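Q: Please take a close look at one part of this model, a loop position and the helix before it. Then work outward from there to the rest of the chain.

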Amino acid sequence: MSTVEDATPAPVPVRRTPALPVRTIVLGTVGSLLILVSALGAGAILAQDPMIGRGPLSWIRYGHGRILATLVLYTGFALVVWAWVLLGRHVLAGRVGARPVLVAALCWTIPMLLSPPVFSRDAYLYIAYGTLPLHGYDPYSVGPGILDVDPVVDNVDSFWQATPAPYGPLFILLAKGVISITGTNMIAGVVLMKLGLVVGVGLIVVAMPGLVRHLGGKLPVALWLAVAGPMTVVHLVGGPHNDVLMVGLLAVGTVLVLDRRHVLGMIVVTLAVAVKATAAVALPFLVWVWAGHLESTRWRNFTRACAASVGIFVVTFAAATFVSGVNLGWISALDAPTAIVNWLSIPTGAGEILHGLVGVFVEAPKVWFVTVMRVVGGVLLAWILVRQWWRARDGGPDAIRRAAIALFAFAVLSPATLPWYLVWGFVLAAALRWERRQLAVLVTFAVFLVLTYSPAGDDLLYDWLFMALAAGISILAGLSLLRRDPLNLFPAREPFLSRGAGVER
C-alpha cells in the first residue's frame, strides 16, 4: 500500500491546476457564507435576538423558514466538505503546497468567526462561566443558574444550569476578559469568544512545521487535516469549543520540548492544562522526551527531567491560578461531563447495548449497565495509558506518537465522549506519515463527527435514520478523496491521480 510520500510521476498525463486552487477555495468559501447566513435561523440562536428576533427576517427562525434555513446550512456544510476533499486531492497529487492550504483555511474560517454558534451551544455556557466571577460568584462552586442576568442564563442549556465550570483557570480568565468587554451583549460576546479561541488555530499553524519535521509527515497534508478540515473550521471555530486553544498550546509546547527548549515547552503545555485538564495526559510522555535529551543513565535522566517538569508545572499552574483570581475548585468539577450519556463513548455505548440485550429477558435500570461498563472502560484506559507511557521510554518522536494514541484513548474510553474530543490527539497525529487509504478513513470520521449534532446543537446520535444517512454521506466523502466519481455516475474520465500514486480510478 503506497503512502503520501510514495507518489511518483505518472505515465498518464495529469491535469495541471494553478498553484492556488481558486475554484476550490471559492467553493468552500461559498459554503461557509451559506452557513453564516442560514445559521441566523438554523444555528444555535439566542433565546431573544435583538437584531432579527422580531424584525422582517424573523420568519427564518420559525416553521418553513427554519426548515429552509436548515437545508441551506447543510448545503453550505456539504460545499465546505466538498471543497476540503478537492483540496485534499490537490495536496496528495502534489499540485499545491502549504501556503494554498492556509489560504483556503483562512477563507473558510472567517465566516465562521462571524456566524452564530453552529452544531453546539457551548459558547453561551462559556459566557456564563465568565460572567459568574464578575458578579462575585465562584465558577467552581455554582452553576450559571444562580445568575440574575437574563440574556446570559436564558441561553445556557438547562442541562448545564447547575453545573460548576470544569475548565482550568486560564480559560476562566479568558472568559472573564471577554465578558468584561462585551457585558451582556451576547452577540458581541460570542464573536469575541471565537476570536479569543481561534488563537488556538494560529498556534497549530505555528507548531505544525516543527511537528512534521520531527514526526515525519508532510506539511501540506498535516495542515489540510488539522487546520482546513471541517472539525476545525465548523466545529472548533464555528462551535466554538475551547479544546482548540488547548490543543494549540499543546502542539506548540510539544515542538518546543522536541527542539530541546524543555523549560519553555513545559510552561506552554502547563498553560494548555490550565485551559483544559486533558492536556495533562501528554505531560508524562514529554518527560521521556526531555530525559532522552540528557546525557546520563536512563533513570538518572528521567529523575532529573521528572523533577524539573513537576517544578515547572507547579509554579506555572499556581501563577495561572493566581492571575485568574480563582482557586483549584475546578478539579472537583472535572467529572461534570460524565452526566452526558451517548454511544460515542465506547464504554457507555457498550453499556447501552448490553442493557438492550438483557432487557429482552429482564427489566433492569440502564444506569447499572452503563456504570459497570464505564468502570471496565476506566480500567482499560488506565492500562493503555500506562502501557503507552512505558513503551515511550526511549523518548523522541515515538513518545509523541504514543502521546497521541493516549489522548485518543482518553477521548473514546472516558465515561463521556463528545465529537470534538477526538481532536485532542488528532492534532499531534496529523504530523505523522499517513497512507492514502488511512486519510480516506480520517475524512469519513471527520465528516461524520460533525453531523452527530444538529446545527442548533442538539444531539442526533439516537436518530438512527439520520445517523445512517450521515454515515453514508461521510463514507462517500472518504471515497471521494481516492476516486473522482466513487458512485460511477459519470462516464469514465481521465484519472485525477496517477496509478503510481496508488489511487483507484
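A: Phe-119 sits in the loop between α3 and α4 (122-134). The model is a predicted one. Phi of Phe-119 is near 60°, a positive value in a residue that is not glycine. Most residues other than glycine have a negative phi. Phe-119 has a relative accessible area of 0% and is therefore buried.

The helix before this loop is α3, residues 98-114. The 17 residues of α3 reach 25 Å from the first C-alpha to the last, close to the 24 Å expected at 1.5 Å a residue. Buried positions in α3 are Ala-98, Pro-100, Val-101, Ala-104, Ala-105, Trp-108, Thr-109, Pro-111, Met-112 and Leu-113. An α-helix has 3.6 residues a turn, so residues three or four places apart point the same way. The buried residues of α3 pack against α1, α2, α7, α9 and α10. Next to the buried Trp-108 comes Cys-107, which counts as partly exposed because its relative accessibility is 28%. Cys-306 is also partly exposed, at 26% relative accessibility. A disulfide is a covalent bond between the sulfur atoms of two cysteines. A search of the whole structure for disulfides gives 0.

One partner of α3 can be followed at the level of a single residue. Ser-32 belongs to helix α1 (residues 22-42) and, with a relative accessibility of 1%, counts as buried. A polar atom of the Ser-32 side chain lies 2.8 Å from the backbone oxygen of Trp-108. Residues up to four places away in sequence aside, Ser-32 touches Val-80, Trp-108, Pro-111 and Met-112. Of these, Trp-108, Pro-111 and Met-112 are on the list of buried α3 residues. Val-80 falls within helix α2, which runs from 63 to 92. The 30 residues of α2 should span 44 Å at 1.5 Å a residue, and the end C-alpha atoms are 44 Å apart, so the two agree. Just after α2, Gly-94 has a positive phi of about 75°.

Two other partners of α3, namely α7 and α10, lead on to further parts of the chain. Both α7 (186-197) and α10 (230-237) are among the elements that cover the buried residues of α8, as are α9 (219-226), α11 (243-258), α17 (396-413) and α18 (423-429). Within α8 the buried residues are Gly-200, Val-201, Leu-203, Ile-204, Ala-207, Met-208, Gly-210, Leu-211, Val-212 and Leu-215. Helix α8 takes in residues 199-215, and its 17 residues should span 24 Å; the end C-alpha atoms are 23 Å apart, which agrees. A bend of about 40° is found in α8 at Ala-207, and Pro-209 follows within four residues. After α8 comes Gly-216, with a positive phi near 90°.

The loops on either side of α11 each hold a backbone feature of their own. Pro-240 is in the loop between α10 and α11, and a cis peptide bond with omega about -15° joins Gly-239 and Pro-240. Most peptide bonds are trans. Arg-260 lies in the loop between α11 and α12 (262-275), with a positive phi near 70° although the residue is not glycine. Its relative accessible area is 52%, so Arg-260 is exposed, whereas Phe-119 is buried at 0%.

Further along the chain, Arg-391 is in helix α16 (residues 366-391) and, at 39% relative accessibility, counts as partly exposed. Beyond its neighbours up to four places away, Arg-391 touches Asp-398 and Arg-402. Its C-alpha is 9.8 Å from that of Phe-285, a residue 106 places away in sequence. Thr-452, in the loop between α19 (436-451) and α20 (464-482), is buried, with a relative accessible area of 0%. Its contacts outside four places in sequence are Leu-344, Pro-419, Asp-458, Asp-459, Leu-460, Leu-461 and Met-467.

The chain as a whole forms the background to these details. Its secondary structure comes to 20 helices and 0 strands. Of the 505 residues, 56% are buried. Among contacts between residues at least 6 apart in sequence, 73% join residues at least 24 apart. The C-alpha trace spans about 75 × 70 × 60 Å along its principal axes. A compact globule of 505 residues would have a radius of gyration near 23 Å, and the chain has 23 Å, which agrees.

Key:
Residues numbered from 1 in each chain as written. Predicted model: local features only at pLDDT ≥ 70, side-chain atom pairs only at ≥ 80, totals over all residues. Heavy atoms only, no water. Expected span 1.5 Å × (residues − 1). Bend = angle between axes of the 7 residues up to and from the residue. Buried < 20%, exposed > 50% of the residue type's maximum accessible area, 1.4 Å probe, protein only. Contact = heavy atoms within 4.5 Å. Disulfide = S-S within 2.5 Å. Polar contact = N/O pair within 3.5 Å; in protein donor to acceptor, adjacent residues only side chain to side chain. Rg over C-alpha atoms; globule rule 2.2 N^0.38 Å.
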